[in-house]
Amino acid sequence: MSSTALRICPLCEATCGLTLTIDEGRVTGARGDHEDIFSRGFICPKGAAIGELDADPDRLRRPLVRRAGRLEEASWDEAFAAVREGLAPLLAEHGPQSVGVVLGNPNVHTVAGGLYPQLLLGALRTRNVFSASTLDQMPKHVSSGLLYGDANAIPVPDLDRTDHLLMLGANPLDSNGSLCTAPDFPGRLRALRRRGGRLVVVDPRRTRTAKLADRHVAIRPGTDALLLFAMVQVLFAEDLVAPGPLAEHVSGVAEVRSLAADFPPEAVAEACDVPAEEIRTLARELAAASQGVVYGRVGSTTVEFGTLTSWLVDVVNVLIGQLDRPGGMMFPLAATGRRERPARPGRGFALGRWHSRVSGYPEAKGELPTVALAEEIETPGEGRIRAVLALAANPVLSAPDGDRLDRALAGLDFMVSVDPYLNETSRHAHVVLPPPPPSRSPHFDYAFNSLSVRNQVRYTRPVIPLEADRLSESAILAWLVLCVSGHGGDDPAAVDAMAIEGTLGKEVADPASPVYGREPAELAGRLTGVDGPERRLDMMLRLGPYGDGFGADPDGLSLEKLLAHPHGIDLGPLRPRVPGLLKTRSGTVELCPEPLAADVERLRRSLADRPSGLLLVGRRHLRSNNSWMHNVPALMGGTNRCTLQVHPEDATRLGLADGGLARVKGDGGELEVPVEVTDAVRAGVVSLPHGWGHARAGVRLSVAGASPGVNVNQLFDGSRLDPLSGTAVLNAHPVRVSPSLQH
């Protein structure tokens, strides 16, 4: 007999509510949950295919342990014993820096990924931490850290109230939104236009989002910072700067004005390939809007000036008075975030607290650039990485020069992968620990609720019970914490108990906490939930900004109250939070931080550069998310193809034919790829999607392997970085394209 169950989709940042059909312990259908307080029934092809992904026969069910060079199925006890036996001697002889930790994108989509990685890093005490952030959004973390004193204080566009949205390097009709959690992003953009608002898209490609826009500016890739600086110059020159009530909380405006003087529209027009008058129009229209906002995403961050671009996005929003204002750029307040405290100066944000061993790359937000991982493994000497823990990470496909990293991982003394698949990276592991599929896992959006365009909270328990021979992802990561702590024989529930004890101990000693002066043991005894992760969620909800304070506010949030609202609880529209959220040393929005001001000279020098060849940009498909959805038949097909998009003029000049093969050469290698001739890319630009290249031996991805595509990141050698954030340059990368020699 069929039944239905609610589930929050974990497959992208939109976090849509789903209604799943369950037949005999399997998900056989999915539709949007029309009663979901946030997504209101919206669903995309990924969510509709969650049943296929959930039941993928290539998903690993049991751990794998390498024996005599071969990965073989093992029990959980055998797997964790192998982890202890592999790590303990390395840690004893070479110390914690001999272990590198790699965190992949899926960690922010799971309960376990939100709760345990920091505990693991705390137990391991390694500084060799790498993540998908330095292949994506780290520039935004760095600019936010320098501006607001908190690298996680990322403002989002108030989509439902704005009347003018300027987007750079973002294509939410395909991505469903990024660093901006908004179910039905396309519908919200159409609603913006229906209420008389204006949508402007700056992108070298005529994306689906650009087609929806009132204006599409086909900028030369990688020049967004120049365009924004010119807009800043116009705002000052034409007396359009009006920070409004925010002005008393902002410092550094005069310094920004001085820097912008070198970037009038005429100075940047040729580099951006955008006429000076059009730049002035962009600035004037934005300043004239009653509720206007600038929003930039991956196309503006994974470039040479990614941090400067991210900074200038917020600079423009501040100068026109649209930061922290309804309809502008606002800071969400997540239900599990910290309660708001009285405004006061903080410790600020620092870069480069340590550096990588080989190339001396500075850390950012506690991480080193992912492009440094291979050299840290290969290069002999004290501090060499000898073991890797890869949590939901596939850097062989997602990072530059996967061939080099592939060879480096093969030479490790020991490697552990937490991954449901044997993919291009996990195939090198000595132990593979597979988490269960989404239907057998709970879901709470620890990360994305802090990026939501409306304050809300939702939680779903597993819709199908976990089989006796499987471990939850939380239990897997808790066991890893015990293994690296040297307590491998303990109960993994002890990890959650220690986390609860540590948090409550700090709260009862904090005069600003609602539980100040109370007994931690008494508070812990009041927590509800069926397991440690739920008890921790209950604790965070109760201590959070909407929480009941363990009884202090009878109307406040708790896990029990959240479970009583299966479609979620609406916590209201975004509201102003400055100055309370600021943690800078001055207690103000520091609009011109020294590291950013110093990097402006590098941007100024770029005005003399003129690319002589083609520039490569990536693209996103609605039916995929990086490298981990190409094994679902329902998501393979249609426009989800690995092709090189080339403008007709460039195709004619280069002798390329639609459907033929092209040879693409970059700093790191060359690829043979099918050509798609289209005017959706501007002349001088070619586009190749990210996440493909499933052709390596030993990978168990049968559907993806049948249509492997090519790995665009193999064109990059990792030498091109945004220096402030350590983020790899994956867009606006120069390449050479010619017809293939194959016939």
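**View 1. An open antiparallel sheet of 3 strands in the predicted model.** In this view 3 strands make up an open sheet whose order is 1-2-3, with antiparallel pairing; strands here are DSSP runs of E with at least two residues, numbered from the N terminus, and two of them pair if DSSP finds at least two bridges between them. Strand 1 (3-8) and strand 3 (26-32) are the edge strands, each pairing on one side only. On average, neighbouring strands of this sheet are turned by 35 degrees against each other, direction ignored, where the axes are lines fitted to C-alpha atoms. The model is a predicted one, in which local features need pLDDT of at least 70 and side-chain atom pairs count only at pLDDT 80 or more, while totals for chains, interfaces and linings use all residues. Residues are numbered from 1 along each chain as its sequence is written, and side-chain values use heavy atoms, with hydrogens and water left out.

**View 2. The pairing of strand 2 with strand 3.** Strand 2 (residues 17-23) pairs with strand 3 in the antiparallel sense, over 6 bridges. Within strand 3, Arg26 is the bridge partner of Asp23.

**View 3. The surroundings of the sheet in the whole protein.** The protein has 26 helices and 28 strands, helices being DSSP runs of H or I with at least four residues. Of its 743 residues, 61% count as buried, that is, under 20% relative accessible area with a 1.4 Å probe, protein chains only. Among contacts with a separation of 6 or more, 73% come from residues 24 or more positions apart, a contact meaning heavy atoms within 4.5 Å.

Methods. Axes fitted to C-alpha atoms, helices over the stretch in contact; angles between N-to-C directions. Buried < 20%, exposed > 50% of the residue type's maximum accessible area, 1.4 Å probe, protein only.
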